[in-house]
Amino acid sequence: MIAITNGKVVTITGETFENGTVLVENGKIAAVGNVEIPAGAQVIDAKKGWIMPGLIDCHTHISNFNEPRTNPSIPLDGNEMSDPITPQIRAMDAVNPHDFAIDKVRNAGFSTVCILPGSANVIGGMGTVVKLKDVETADEMVIPGTEQMKFAMGENPKRCYGTDRKLPMTRMGTAALLRETLFNAKVYSDKLKAAETDPSKAPEPDFKLNALVPVVRGEMRCRIHAHRSDDIMTAIRIAEEYGLDYTIEHCTEGYMITNALQKKHLRCTIGPYLWHPSKQEIWNMSYENPGILANAGLTVSLTADTGSQTAILPATIGMLMRYGLSEKAAFEGVTINPAKTLGLENRIGSLEEGKDADIAIFDGHPFSSLSLCRLTMIDGQVCHNTL
C-alpha cells in the first residue's frame, strides 16, 4: 500500500480536498480524500503540492517524429507520404520507447498519450495509446484495443500531393477521395458480413480496405484534422454521411461556428499554441478559442500536437486560462476529456477508486509556468521523483 498525502487532491470528477490523501494498491487507486493511512503503508509526502491524475495528451507524435532529429532531409516516421490513402499504416510500428521525448514528457506529469500519424495524408493510418512507462519495448507501453484512425482535411494533403498534380489538388479533391474510399470500405465491409453466412460472397483481400472496416462499422474512432471552419464542417458532413464515430482535431476556427458545433455536440482537441502562422489555415488562431468552445458545452481536450513540447503544455494551458479558459475546463482538458476521446474514461483521467494509479504531483498550480512536476506515477509505479 502507498499513501500519497499532505497535498491538495484534485480528483477532477469529484471533490477537491485541500489536504487529502490518495491510497494506491496493486497499481490501482484504493481510496481518495480524507482517509486514514493504513499502518505499514509507504508514505509519499506531497509537501503541500497539488496531487492530480496523470496528464493525458490525446494528440501527439511522440517517437514517430523522431527526437532528437538527425539529417533534416530524412523523412520523419510519422508521415508515409507515398500515397494519400494509407489506412493500413500503424503508428505503433514506429514507437521507440527510448525516444528523447518520452522522458521529457513523463517527467512533466504525463502518464498517457495517443501517438497519431501526421496529417500529410487524407487517411494517414492508425494511432495508438501508450502509457509512458520506463520499459524496454513498445509492446509494454501500448494499451491494447485503443487504435484510432487519422484523417486530414485542408492544406496538408493538398500541399503533399497537389503540387505533383496528383489527387487531391483541392479541398474538393480531398473530400471526394475520402468519400470514395469510405464508400469502397463500406462495400467491402458489407461483403465480409455477407460472407459470414455465405463464404462464396467473400471479397478479394484488400489490405487497405480491411483496415477501414471497423471505421465504417462505427467501431473505431476517427480523428479528423481540420483547422478552418469550412474544413471542420466538411469533415462533419462526411462523418455523418457514413455514420462515423469522430472527433475534430485542432478545430482552430471553431469559435467562428460555435452555434453549428453546439448542435453537433462536438468532441474536439484544440491546439497547438506554440506554432507561428506558417500556413493560411491557422492564420485565425485565437487564444480565446478553447474557452469559447468549452463555455458552449463542447467536450474540449487540449494538445501540444508534437513530441517533447507536450512537456510545456501545462504552462501553455495557463496562458489559455488568461484568455478565458476556466480552471475547471483547463483541468478537464488534459485529464478526463482526453480520456473520453480515447475511450478510456473508466480507467484514467480522474482520481477515483478502482482507476489506474496514474498520478502527478506539482509543487504549485499545475498550469503555472513557475511550477514543476515533482512526481509521476504510472500504474502504481513511481517513474519520476524529485520530491
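**Entry 1: cavities**

I started with the enclosed space, and the largest cavity holds about 40 Å³. The model I am working from is predicted. My search of the whole structure turned up two cavities of 30 Å³ or more. I listed the lining of the largest cavity: His 227, His 250, Thr 252, Ile 270, Gly 271, Pro 272, Tyr 273, Met 285 and Asn 289. By class I count four nonpolar and five polar residues there, and no charged ones.

I then turned to the second largest cavity, which holds about 30 Å³ of space. Its lining is Gly 78, Asn 79, Glu 80, Thr 86, Pro 117, Gly 118, Asn 121 and Gly 124. I sorted these into one nonpolar, six polar and one charged.

**Entry 2: cis peptide bonds**

Two residues of the largest cavity's lining, Gly 271 and Pro 272, sent me to the backbone. What kind of peptide bond joins Gly 271 and Pro 272? I found a cis bond, with omega about 5°. Pro 272 sits in the loop between strand S12 (267-270) and helix H7 (289-295).

I also noted the bond from Glu 67 to Pro 68, which is cis with omega near -10°. I placed Pro 68 in the loop between strand S6 (55-60) and helix H1 (100-106).

**Entry 3: a positive phi**

I looked up Ile 12 next. It is not a glycine, yet its phi is positive, about 80°. I located Ile 12 in the loop between strand S1 (2-10) and strand S2 (16-25).

**Entry 4: pockets**

I moved on to the open space. The largest pocket has a volume of about 570 Å³. I counted 26 lining residues, and those nearest the centre are Phe 65, Asn 79, Asn 156, Arg 159 and Trp 275. Asn 79 was already in my notes from the lining of the second largest cavity. Which element gives the largest share of the largest pocket's lining? Helix H2 (residues 155-161) does, with three residues. By class I get seven nonpolar, 13 polar and six charged residues for this lining.

The second largest pocket came out at about 260 Å³. I found 14 residues lining it, with Ala 108, Ala 311, Ser 371, Leu 372 and Cys 373 closest to its centre. I sorted this lining into nine nonpolar and five polar residues, with no charged ones.

**Entry 5: H3 against H5**

I went to helix packing last. For two packed helices I need the angle between the axes and the distance between the axes. I took helix H3 (residues 171-195) and helix H5 (residues 229-241): their axes come within 11 Å and cross at roughly 15°. An angle under 35 degrees counts as roughly parallel, and H3 and H5 are therefore roughly parallel to each other. I noted the crossing of H3 and H5 as right-handed.

Which residues make the contact? On H3 I listed Arg 171, Ala 175, Leu 178, Arg 179 and Leu 182. On H5 I listed Asp 230, Asp 231, Thr 234, Arg 237, Ile 238 and Glu 241. By class this contact has four nonpolar residues, one polar and six charged.

**Entry 6: H3 against H4**

I kept H3 and checked helix H4 (residues 207-216). Their axes are 8 Å apart, and the packing angle is about 85°. That makes H3 roughly perpendicular to H4, as 65 to 115 degrees is the range for that label.

H3 brings Thr 181, Leu 182, Asn 184, Ala 185, Lys 186, Tyr 188, Ser 189 and Leu 192 to this contact. From H4 I noted Leu 209, Asn 210, Leu 212, Val 213, Val 215 and Val 216. I sorted the contact of H3 with H4 into nine nonpolar, four polar and one charged. Leu 182 of H3 appears in the contact with H5 and also in the contact with H4.

Key:
Residues numbered from 1 in each chain as written. Predicted model: local features only at pLDDT ≥ 70, side-chain atom pairs only at ≥ 80, totals over all residues. Heavy atoms only, no water. Axes fitted to C-alpha atoms, helices over the stretch in contact; angles between N-to-C directions. Helix = DSSP H or I, 4+ residues; strand = E, 2+ residues; numbered from the N terminus. Parallel < 35°, antiparallel > 145°, perpendicular 65-115°, else oblique. Left-handed = near helix turned anticlockwise from the far one by under 90°. Contact = heavy atoms within 4.5 Å. Nonpolar A, V, L, I, M, F, W, Y, C, P; charged D, E, K, R; others polar. 1 Å grid on protein atoms, 1.4 Å probe; cavity = no way out; pocket = protein on both sides within 12 Å on 5 of 7 lines; lining within 4 Å. Points joined across faces, edges and corners; volume = space filled by probe spheres on them.
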